[in-house]
Amino acid sequence: MRFKGPSGLALFFIFFFVLIIILSLGYNPQARLIPLVIAIPGLLLTIGQWVGALYKERKVEREEKSLAAEDREELSREKNTMAWIIIFFLMIVFLGLHASILLFTFIYLKFKSKESWPLSLSITGGLWLGIYLAFVQIVKASLYPGLLWKLFE
Amino acid sequence: MMWESFINGFFLSISWQSLGYMLLAIPIGLTIGAIPGLGGNLGLALLIPFTFGMEPLAAFALLLGMHSVVHTGSPIPSILFDTPGAGPAAATCLDGYPMAQKGEAGRALGATFASSGVGGVIGALAMAITIPVIRPIVLAFGPPEFFMLAMLGLAFIASVSGESIARGLIAGAVGLIISFVGMDPQTGVVRFGFGQLYLWEGIKLVPVVIGLFALAEVIDLGKKGTKSIAQVQAYEAKGGMWQGVKDTFIHWWLVLRCSIIGDIIGMIPGLGGDAASFIAYGHAQQTSKHPEEFGKGTVEGVLAPESANNSKEGGALIPTLAFGVPGSSGMAILLGAFMILGLAPGPEMLTKHLDLTFSMVWMLVIANVLAALACLATANHLAKITFIRSSILIPFILVFGLVGSYLTTNHMGDLIITLLMGFLGYGMKKYDYPRASLILGLILGEIAENNLHLSLNLFGPAFLLRPMTLIILAIAALPIVFPWFKKAGKKEGKEGVR
């Protein structure tokens, strides 16, 4: 069973609708009515999409044996960018928004984008200052402190 | 008396005090609109304490001056970074960002500011015209009509689905299911909560749109490895801001229709103004001579949602003033200002305080015009941002997007939702599942379900036979039926040529 490409996404939606149907059956009739009315046709439509996507993918596989080098490079950049987003998210979880904005921005600019030291530092500082002034000082928002800070409190 | 009050209202709105507060409030509103995650409601909540002890005229100049221009600022990040400044601005991402990628960011910004200004003015004038007759119109709407209006909005899923209606319906269904997360107000059951308190209140719109659009676009930018958002060189950039302004007047009929759509949706309390931009977008696509261009960077795809977005604020003010029933969440906060100022919304606003009411109409007009002019002065400079290296912009977009998402409820859950929606949104973009359909489902799902249950409890299945309900049902069928007629008409035309 393929988990990539259009059929992979269709499969994800199938699991989603199946999960919703199973969970809905546990609610009282009024609460489950509309979710079931939406999820069951959604599931049927998605199964149709999945079958169609599988058929198209098999046809394409017969015609093109392997990914072009350009496509492989794009796929690599795609995964790389997703990884950076996950890293940023994990930094926020553990270090909080202030620290992770500083660290992530600098590391991304200096080591991923290969910008110069002055540019990386000035953009990092400017971005953090802008966030601090706009959100903390003016709006008086409290930004997430991070799990590590909470441990020390 | 009505005409005298209309003129008096104008002179009140251009008094030094009123103009002064508006000039102070307009930049605040534009900035709040342009920063993802803040939203006009936050601006109102921040400014209301300042209205203690103020004259009503000054207070409303401050509050309305800020609130009415938030949606002029919110499409700026939509166009430049595919990051909506507010939920409704997500509709502008659909064509605004592709225009920026084609080097037409200036044109997109010019179109958005001009159509926002025009939409805001039309919304204000519609408010002035309907004030005398609004009572029977609004009272004619009950749960059955709200349910059918939600169906009308959902019918537009077919319009924004592009080539594959099946994928559009799947995306719409996912959006509807997401809207059901949380406590069901009819039964008190917490649905799909997975034992998490955060999910009891449901999934908020802002984290979803930031994930679906901003994060998805960051992944796309990183994948393509392009040097800048604009995929052309700066000297190839076409049109500029003035072309966008001209487009607003070339497509004046579209702008007028979408402004009226926004005004009507804003006027109906309980429907939710967030859908106005998407419904207007769907309508524009349906009625366009080139519907296949939508989603690829057509200026009509920017004009339609922006004119509706601003005009709905004028519409939302109508039931707020006339009945004390807020036409939107922002108006609910504005009612707080009424209480602080010792005013009672309702018949008094249409009799004893009619001058003040009409001054609010003029404030909306003046604020929208001034905001549009101010933004137009900066449009070409803002457009240059699309030529900055992507490698520098990516951290900006990520930081502003995630901070904006977190500020929705100050809970980590918002960030998790944004992250998950980011990956889903990227997949949807890559494999042609329309994200607009998901957003429509999310916005309208709760409204549709609640009003369906209320209608069945109050009237039984016979609610479908109410005259207003039948009229709206007929209108709701149009987005589905109209494309068929259009295709059939084209086929007949071809046969005629043979």
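**Exercise 1. Determine how many residues each chain brings to the contact between chain B and chain A.**

Solution. Step 1: with contact taken as heavy atoms within 4.5 Å, chain B contributes 58 residues and chain A contributes 55 residues. Step 2: this is a predicted model, in which local features need pLDDT of at least 70, side-chain atom pairs count only at pLDDT 80 or more, and totals for chains, interfaces and linings use all residues. Side-chain values use heavy atoms, without hydrogens and water, and residues are numbered from 1 along each chain.

**Exercise 2. State which side chains meet in a salt bridge at 4.0 Å.**

Solution. Step 1: a salt bridge requires a side-chain nitrogen of Lys or Arg within 4 Å of a carboxyl oxygen of Asp or Glu. Step 2: 3 salt bridges are counted between chain B and chain A. Step 3: one pairs B:Lys223 with A:Glu74 (4.0 Å, N to O).

**Exercise 3. Is B:Glu145 buried or exposed, and which side chain does B:Glu145 join in a polar contact?**

Solution. Step 1: buried means under 20% relative accessible area, exposed over 50%, and partly exposed in between (1.4 Å probe, protein chains only). Step 2: B:Glu145 has 1% relative accessibility and therefore counts as buried. Step 3: its side chain joins that of B:Arg466 at 3.0 Å, a polar contact being a pair of N or O atoms within 3.5 Å; within protein, one must be able to donate a hydrogen and the other to accept it, and residues adjacent in sequence count only if both atoms are side-chain atoms. Step 4: beyond four places in sequence, B:Glu145 also touches other residues, including B:Met468 and B:Ile472.

Technical notes:
Chains are lettered from A and ligands numbered from 1 in the order in which they are written.
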